[in-house]
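Here's a walk through the side chains of a two-chain model, starting with the rings and the core and moving on to charges, backbone and one helix. Keep the viewer open as you read.

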Amino acid sequence: MIKMEPRQESSPWMPYVSPLLAGGLTLITGAILFAALGQDPIFALKTVLITPISDAYGVGELFVKAGPILLCALGLSVAYRANVWNIGAEGQLLMGGLAGSALAVQFTESEGLWLLPAVLFFGIVAGMLWAALAALLKTRFNTNEILTTIMLNYIAFNLLQYCVHGPLKDPHGFNFPESAMFADAARLPLLMEDARVHLGIILALVSAVAVWVLLGKSFLGYQIQVLGRDSRAAKMAGFKEKRLVWLALVLSGGLAGLAGVGEVAGPIGQLVPQISPGYGYAAIIVAFLGRLHPVGVTLASILMALLFMGGEMVQIELNLPLALVGMFQGMLLFYLLACDVLILYRIRWVSKPAVQTA
Amino acid sequence: MDIELVNNVLQAAVRTGTPLLLVALGETVAEKSGVLNLGQEGMLLVGAVMGFIVTLTTGSLMLGFMAAMLAGVLMSMLFGVLVLKLNANQYATGLALTIFGTGLSAFIGAGYVGQPVTGLEPIAIPLLSDIPIVGSALFNQDLMVYLSFVATAVLFWFFKSTRGGLIVKAVGESPDSANAIGLPVLPTRYLAVAFGGAMAGVAGGYLSLAYTPLWAENMSAGRGWIALALVVFASWRIERVMLGAYLFGLASILHLVAQGLGFSFSPNLLAMLPYVATILVLVMLSSNPARNKLYAPVSLGQPFFKST
């Protein structure tokens with residue numbers, strides 16, 4: 001039988017092995033699942049993991065998708081380190097996209113260089129404000145941020161639907177629920193010819209460095225980590241808890257807002273009803289998988305981007321539902337949480353049950 | 001407002017509140033034992049899709065609801081093993097359950113979108129359903145609504161006057177003391193979590209087999225999360241869970257009232273109402289921190305380590 005024994009000290013290397021182990025287990029489960037669905041498992045896994053990035057366009061697309069996921073997950077890492085459970089990256093992303101679009105559609109003929117920075121600024125601020133609502137509710141009214149951020153996700157989604165079907169709909173668009181196309185001056189410039197990869201990924205990587213500096217090198221980052229590990233110690237040290245909660249939420253909201261505006265000003269180029277295939281939710285998994293560290297989160301967001309692309313590829317090539325992506329995401333997080341047990345415990349095989357002495 | 005409209009609105013409020021009631025009752029039991037399961041939305045969706053598929057293929061609503069319940073239990077045990085056996089973080093594991101359940105349900109239900117089943121029909125109870133105002137709301141409903149009344153009554157009695165109820169509460173309030181006097185802490189928590197899963201599964205079945213008899217991806221639309229807020233709203237008390245569920249039901253169908261009175265709003269704006277209402281309720285209740293400290297099960301969300 002299996003026995004779990006607490007370790008004397010938590011394992012120093014298990015936190016890094018656990019995500020790899022979880023990834024491996026997800027792959028194995030995936031192979032079994034594909035086989036059960038009557039597919040050749042090796043071919044199916046190749047379709048998910050290799051086919052999408054087998055050409056330059058695909059590699060570019062990988063970064064198009066990794067950008068918003070990385071931005072959201074960076075913010076969430078800061079929040080989770082402060083023990084603030086922001087589940088609202090999706091809503092903050094949608095609000096960023098919505099606010100950026102609201103500005104961009106006013107200037108569809110503009111060629112001004114100011115337009116793109118202004119659009120991005122609107123998106124960031126909208127994401128911050130949306131997260132600030134949750135911060136206000138938590139610090140002023142003591143409401144649980146998990147529930148409020150989830151509710152704000154649903155509200156943001158409906159608000160976006162309202163705007164894209166109403167005030168922001170293109171008046172010359174034959175009544176389709178889409179805004180007018182943005183001016184080129186409002187779009188993020190492309191980095192490569194023949195691919196959609198744009199400035200967004202650079203912004204995301206710069207943000208990753210900034211978050212790394214914040215968490216690793218600054219006193220503010222130190223305060224955030226102390227608050228997350230032991231709120232009483234933080235209080236004893238005189239850290240202002242409410243300010244840190246605000247900071248964690250507003251920062252993650254701003255990054256998610258940038259992710260959202262980066263989608264509408266990047267690959268999409270207009271406001272449409274669906275601007276995110278669930279990047280904000282995937283970012284939760286990415287944050288945990290990347291161990292709440294900017295480097296880990298960067299690697300994990302590339303993996304997650306690949307999973308999104310692999311899902312689309314499986315839909316096209318093997319005619320399986322796109323929902324496979326969500327299932328694999330959940331599975332990955334489950335395996336990760338299970339493997340994380342090994343940080344504090346070791347597994348022993350005991351050949352026979354220990355004799356009970358009464 | 002004419003009486004016909006009032007009747008219709010109240011009847012719809014109870015119907016709309018029923019899935020919330022079922023989920024929140026199950027989660028109240030789990031939370032009273034000290035376990036917070038944020039995976040309600042995932043269990044609802046898997047229950048909904050399994051119930052729908054089984055009813056569609058067998059033609060039996062009864063089998064459908066049983067499949068929905070079983071699916072909810074299986075999902076909750078995934079959570080239970082991680083949280084109770086491996087002491088994984090309850091927040092993260094619950095989120096994982098929701099993400100997994102959302103994906104799993106969409107995956108297995110992909111071929112069933114848009115197919116029709118004959119849903120559960122209302123059964124008017126003679127005489128009782130003729131009572132003015134509340135009659136049709138309470139006694140001209142389908143069988144699951146009546147069963148939700150029974151479940152509420154049984155749970156109320158269970159916590160008020162049975163030894164079993166006392167054990168669940170003891171385990172949630174002070175697992176160490178409960179363990180010291182020989183109460184089975186972890187088995188109790190497993191059972192409570194499984195019960196929560198069963199109720200969420202049935203609630204999912206209610207959505208896809210009675211409320212709107214069809215399967216659509218993500219059809220629970222946040223009801224699992226609203227139910228979690230409802231448990232807080234109700235201060236973990238069974239009778240208030242019921243009241244809260246119907247109030248939320250009412251908030252969710254206010255657009256019917258608006259239409260009945262001749263107003264027209266954007267459906268997207270009206271769709272926000274239940275979520276806005278949830279936040280408002282949380283604000284009203286949480287602004288007094290002493291209150292939730294007083295009512296929340298003391299060990300809620302904490303793992304239990306058996307000291308030997």
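Leaving aside its neighbours within four places in sequence, which residues is Tyr80(A) in contact with? This is a predicted model, so take what follows as a reading of that prediction. The list for Tyr80(A) runs to Trp85(A), Asn86(A), Ile87(A), Ile284(A), Ala287(A), Phe288(A) and Leu292(A).

**Rings and core**

Two of those contacts come back when you look at the rings. Tyr80(A), Trp85(A) and Phe288(A) are linked by ring pairs into a cluster, and Tyr91(B) from the other chain belongs to it too. Tyr80(A) also stands out in the largest nonpolar core, which has 201 residues: along with Phe34(A) and Trp225(B), Tyr80(A) touches the most other members. As a general backdrop, nonpolar side chains in soluble globular proteins tend to be buried together.

Over all chains, the search turns up 15 aromatic pairs. One of them joins Phe34(A) to Phe328(A), with the ring centres 6.1 Å apart and the planes at 35 degrees, which makes the pair tilted. What does this pair tie together? Phe34(A) sits in helix α1 (residues 14-36) of chain A and Phe328(A) in helix α13 (residues 324-344) of chain A, so the pair connects parts that are 294 residues apart in sequence. Phe34(A) is buried, at a relative accessible area of 0%. Phe328(A) counts as buried as well, at 9%.

Rings also have charged company here. In chain A, Arg140(A) places its charged end over the ring of Phe141(A), 5.0 Å from the ring centre. In chain B, the charged end of Lys32(B) sits over the ring of Phe159(B), at 4.9 Å from the centre.

**Salt bridges**

Side chains of opposite charge can pair when their charged atoms come close. The structure holds seven salt bridges over all chains, and the table gives three of them.

| Acidic residue | Basic residue | N to O distance |
|---|---|---|
| Glu61(A) | Lys65(A) | 3.9 Å |
| Asp340(A) | Arg291(A) | 2.8 Å |
| Asp142(B) | Arg15(B) | 3.6 Å |

Take the Asp340(A)–Arg291(A) bridge, at 2.8 Å. The pair links distant parts of the chain, 49 residues apart: Asp340(A) is in helix α13 of chain A, while Arg291(A) is in the loop between α11 (279-289) and α12 (294-317) of chain A.

Over in chain B, the bridge between Asp142(B) and Arg15(B) measures out at 3.6 Å in the model. This pair spans 127 residues, from Arg15(B) in helix α1 (residues 3-32) of chain B to Asp142(B) in the loop between β2 (140-141) and α6 (143-161) of chain B. Are these two partners buried or exposed? Asp142(B) is buried, with a relative accessible area of 1%, whereas Arg15(B) is partly exposed at 23%.

Salt bridges that share partners also build a network, made up of Glu61(A), Lys65(A), Arg196(A) and Glu312(A). Within that group, Glu61(A) and Lys65(A) are four residues apart in helix α3 (residues 56-81) of chain A, so about one helical turn separates them. Both Glu61(A) and Lys65(A) are buried.

**Loops and backbone**

A couple of asparagines have positive phi angles. Asn142(A) has a phi of about 65 degrees although it is not a glycine. Asn142(A) lies in the loop between α5 and α6 (145-165) of chain A, and at 41% relative accessibility Asn142(A) counts as partly exposed. In chain B, phi of Asn87(B) is near 55 degrees, and Asn87(B) lies in the loop between α3 (61-85) and α4 (90-109) of chain B.

Another loop residue to find is Glu111(A), between α4 (89-104) and α5 (115-141) of chain A. Glu111(A) is exposed, at a relative accessible area of 74%.

**A helix with two sides**

Finally, have a look at helix α7 (residues 163-173) of chain B, where Gly165(B), Ile167(B), Val168(B), Val171(B) and Gly172(B) are buried. Seen down the axis of α7(B), its buried residues fall within an arc of 160 degrees, so they line one face of the helix. Arg163(B) and Leu166(B), on the other side of α7(B), are exposed. What covers the buried residues of α7(B)? The cover includes α1, α6, α8 (175-180) and α9 (185-211) of chain B.

Methods: Residues numbered from 1 in each chain as written. Chains lettered and ligands numbered in written order. Predicted model: local features only at pLDDT ≥ 70, side-chain atom pairs only at ≥ 80, totals over all residues. Heavy atoms only, no water. Phe/Tyr/Trp six-rings, centres within 6.5 Å; stacked < 30°, edge-to-face > 60°. Buried < 20%, exposed > 50% of the residue type's maximum accessible area, 1.4 Å probe, protein only. Lys NZ or Arg CZ within 6 Å of the ring centre and 35° of its normal. Core = buried A, V, L, I, M, F, W, Y, C linked by side-chain atoms within 4.5 Å. Contact = heavy atoms within 4.5 Å. Salt bridge = Lys/Arg side-chain N within 4 Å of Asp/Glu carboxyl O. Arc of directions from axis to C-beta.
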